[in-house]
Amino acid sequence: MPHRHRHHRAVGAAVAATAALLVAGLSGSASAGTAPAGSAPTAAETLRTDAAPPALLKAMQRDLGLDRQQAERRLVNEAEAGATAGRLRAALGGDFAGAWVGGAESGTLTVATTDAADVAAIEARGAKAKVVRHSLADLDAAKSRLDKAAAGLNTADAPVWYVDSRANTVVVEAIRPAAARKLLTAAGVDDSLARVDRRTERPRTFYDLRGGEAYYINNSSRCSIGFPVTKGTQQGFATAGHCGRTGAGTTGANRVAQGTFQGSIFPGRDMAWVATNSQWTATPYVLGSGGQNVQVTGSTVAPVGASVCRSGSTTGWHCGTVTQHNTSVTYPEGTISPVTKTTVCAEPGDSGGSYISGSQAQGVTSGGSGDCRTGGETFFQPINALLQNYGLTLKTTGDDGGEEPGEPGGTWAAGTVYQPGDTVTYGGATYRCLQGHQAYAGWEPPNVPALWQRV
């Protein structure tokens with residue numbers, strides 16, 4: 001038909017006009033992302049793939065089985081492939097049926113079309129062509145009908161649906177296939193456009209736990225997360241005992257169900273911990289100034305006079321100094337001991353929040369006097385005593401990717417809270433603890449002379 005001829009002339013013209021932008025065989029090296037001097041920047045240059053942080057590249061290597069150079073090339077190739085696919089989508093118009101990359105380095109871009117006459121134009125861009133039955137527009141329209149139908153149905157047993165361009169179909173993932181069929185029928189989506197896949201788990205949302213962020217107790221009073229912790233595989237956070245009693249329920253700052261107080265002591269001590277549900281993930285961070293993450297790498301006790309900063313959901317991030325350890329303080333509810341006294345200010349709602357010195361966790365906000373407008377003092381429940389009392393492990397940035405040390409023999413054990421003067425044996429030698437801390441793999445006595453002295 002005449003309009004088809006005009007369409008293919010347009011495709012050919014588009015290819016010719018942008019031939020200089022073609023990445024020669026997307027399976028090429030990272031040099032594909034480098035443009036000659038004076039030329040327009042490549043997609044990789046525009047997207048600054050060269051600025052990928054080392055942590056991202058390391059995660060790619062770990063999770064995708066690549067070396068660093070492959071990870072770098074993959075980012076370049078994906079940037080270029082995205083640009084090429086975008087140009088082809090515009091050129092193919094209604095024929096376009098999706099695009100995807102493949103290979104360890106994403107070196108192959110495949111573009112699908114409903115018209116075999118488009119193959120030459122696709123291949124001219126360095127991509128592989130695949131001729132399919134349904135256009136992306138048709139599949140997207142079917143997906144939209146599923147979305148509308150789902151609004152009036154309970155889709156708990158058919159919780160996922162999407163367009164699978166590679167298979168040229170709409171997929172409904174279902175725990176019970178009958179639920180998927182019910183959804184497809186309600187949406188009026190023909191079997192020729194859809195496929196039902198079995199799944200065994202229901203999806204869930206995820207939220208992070210960060211020290212200093214708000215949480216609510218029994219949907220009423222508000223406190224702040226102290227530090228994310230774990231107890232075996234259970235995740236949760238440490239906080240102040242006066243924030244809630246054992247069994248009290250919590251919701252997050254987003255008012256999503258969060259967890260339950262597993263233990264709480266107040267007065268006497270001011271310590272508690274909350275076990276969270278599977279939607280929440282413990283992170284090794286405290287919410288710092290400007291919303292930045294402050295890393296927690298351990299719990300070594302800061303000396304008197306040391307700087308210490310507090311994060312809380314009312315007043316945010318404030319700093320001061322440690323003025324006294326082993327302090328007793330009497331509140332209207334009773335006496336708390338021992339706590340650490342500081343010059344850091346706080347206000348209602350900051351209770352339970354994090355105190356950190358450098359990257360070392362110190363404790364959770366207990367109480368104080370004054371406010372953050374006129375100044376004041378505060379007391380915190382030391383974190384190591386809390387961890388020891390409930391058998392918890394502080395979440396730190398060294399938790400992931402580290403290997404457990406060998407067994408040299410001795411009494412030293414990761415996860416144990418040590419106080420100054422404690423002695424352990426390790427590898428046939430005896431060591432004395434110099435600073436209070438919770439032990440971690442990598443912090444074996446011979447490796448951390450700041451914490452242990454051989455005797």
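# Reasoning about a predicted chain

Me: Why is Asn-218 called exposed?

Reply: In this predicted model, the relative accessibility of Asn-218 is 51%, and since the word exposed is kept for values over 50%, Asn-218 therefore counts as exposed. Asn-218 is placed in the loop between strand E8 (214–217) and strand E9 (221–224).

Me: What makes the backbone of Asn-218 worth a remark?

Reply: Its phi is positive, at about 50°, although Asn-218 is not a glycine. Most residues other than glycine have a negative phi. Asn-219, which belongs to the loop between E8 and E9, also has a positive phi, near 60°, and is a residue other than glycine. With a relative accessible area of 56%, set against the cut-off of over 50%, Asn-219 is exposed.

Me: Why is the peptide bond between Phe-266 and Pro-267 singled out, and where is Pro-267 found?

Reply: The bond that joins Phe-266 and Pro-267 is cis, with omega of about -5°, and Pro-267 sits in the loop between strand E13 (257–265) and E14. Most peptide bonds are trans. The bond from Ser-337 to Pro-338 is cis as well, omega being near -5°, and Pro-338 is found in strand E19 (residues 334–342).

Me: Why are helices H6 and H7 called roughly perpendicular?

Reply: The axes of H6 (residues 136–150) and H7 (residues 177–187) cross at roughly 105° and come within 8 Å; because angles of 65 to 115 degrees count as roughly perpendicular, that is the name for this pair.

Me: Which residues of H6 and H7 meet, and how do they divide by character?

Reply: On the H6 side there are Arg-145, Leu-146, Ala-149 and Ala-150, which meet Leu-183, Leu-184, Ala-186 and Ala-187 of H7. The residues of this contact divide into seven nonpolar, no polar and one charged. Arg counts as charged, whereas Ala and Leu count as nonpolar.

Me: What makes Ser-354 a buried residue, and where does Ser-354 lie?

Reply: Ser-354 lies in strand E20 (residues 354–357), and a relative accessible area of 0%, set against the cut-off of under 20%, means that Ser-354 is buried. Beyond residues up to four places away in sequence, its contacts include Gly-211, Ile-225, Phe-227, Cys-309 and Gly-363.

Me: Which atoms does the side chain of Ser-354 reach, and why would these pairs be called polar contacts?

Reply: A polar atom of that side chain lies 3.2 Å from the backbone nitrogen of Gly-212, and the side chain reaches the backbone oxygen of Gly-226 at 2.4 Å. The name depends on a pair of N or O atoms within 3.5 Å, with one able to donate a hydrogen and the other to accept it.

Me: Why is Ser-299 called buried, and what does its side chain reach?

Reply: Its relative accessibility is 0%, and because buried means under 20%, Ser-299 counts as buried. Ser-299 is found in the loop between strand E16 (293–295) and strand E17 (307–312), and its side chain reaches the backbone nitrogen of Gln-438 at 3.0 Å. Leaving aside neighbours within four places in sequence, Ser-299 is in contact with residues including Gln-360, Ile-383, Leu-394, His-437 and Trp-443.

Me: What makes Phe-227 notable, and why does this residue count as buried?

Reply: Phe-227 and Trp-452 are the residues with the most contacts inside the largest nonpolar core, which has 32 residues. The largest share of this core, four residues, comes from H8. Apart from it lies another core, of 18 residues, among them Leu-139, Val-170, Val-189 and Ala-194. Phe-227, placed in strand E10, has a relative accessibility of 0% and therefore counts as buried, the cut-off being under 20%. Although Phe-227 and Val-296 are 69 residues apart along the chain, their C-alpha atoms are separated by 8.8 Å. For Trp-452, the residues touched include Trp-412, Tyr-418, Val-424, Tyr-431 and Trp-443, not counting those up to four places away in sequence.

Me: How many helices and strands does the chain have, and what share of its residues is buried?

Reply: The chain comes to eight helices and 28 strands, and buried residues make up 45% of its 455 residues.

How values were computed:
Residues are numbered from 1 along each chain as its sequence is written. This is a predicted model: local features need pLDDT of at least 70, side-chain atom pairs count only at pLDDT 80 or more; totals for chains, interfaces and linings use all residues. Side-chain values use heavy atoms; hydrogens and water are left out. Axes are lines fitted to C-alpha atoms, for helices over the stretch in contact, and angles run from 0 to 180 degrees between N-to-C directions. Helices (H or I, at least four residues) and strands (E, at least two) are DSSP runs, numbered from the N terminus. Angles under 35 degrees count as roughly parallel, over 145 as roughly antiparallel, 65 to 115 as roughly perpendicular and the rest as oblique. Contact means heavy atoms within 4.5 Å. Buried means under 20% relative accessible area, exposed over 50%, partly exposed in between (1.4 Å probe, protein chains only). A nonpolar core is a set of buried Ala, Val, Leu, Ile, Met, Phe, Trp, Tyr and Cys residues joined through side-chain atoms within 4.5 Å.
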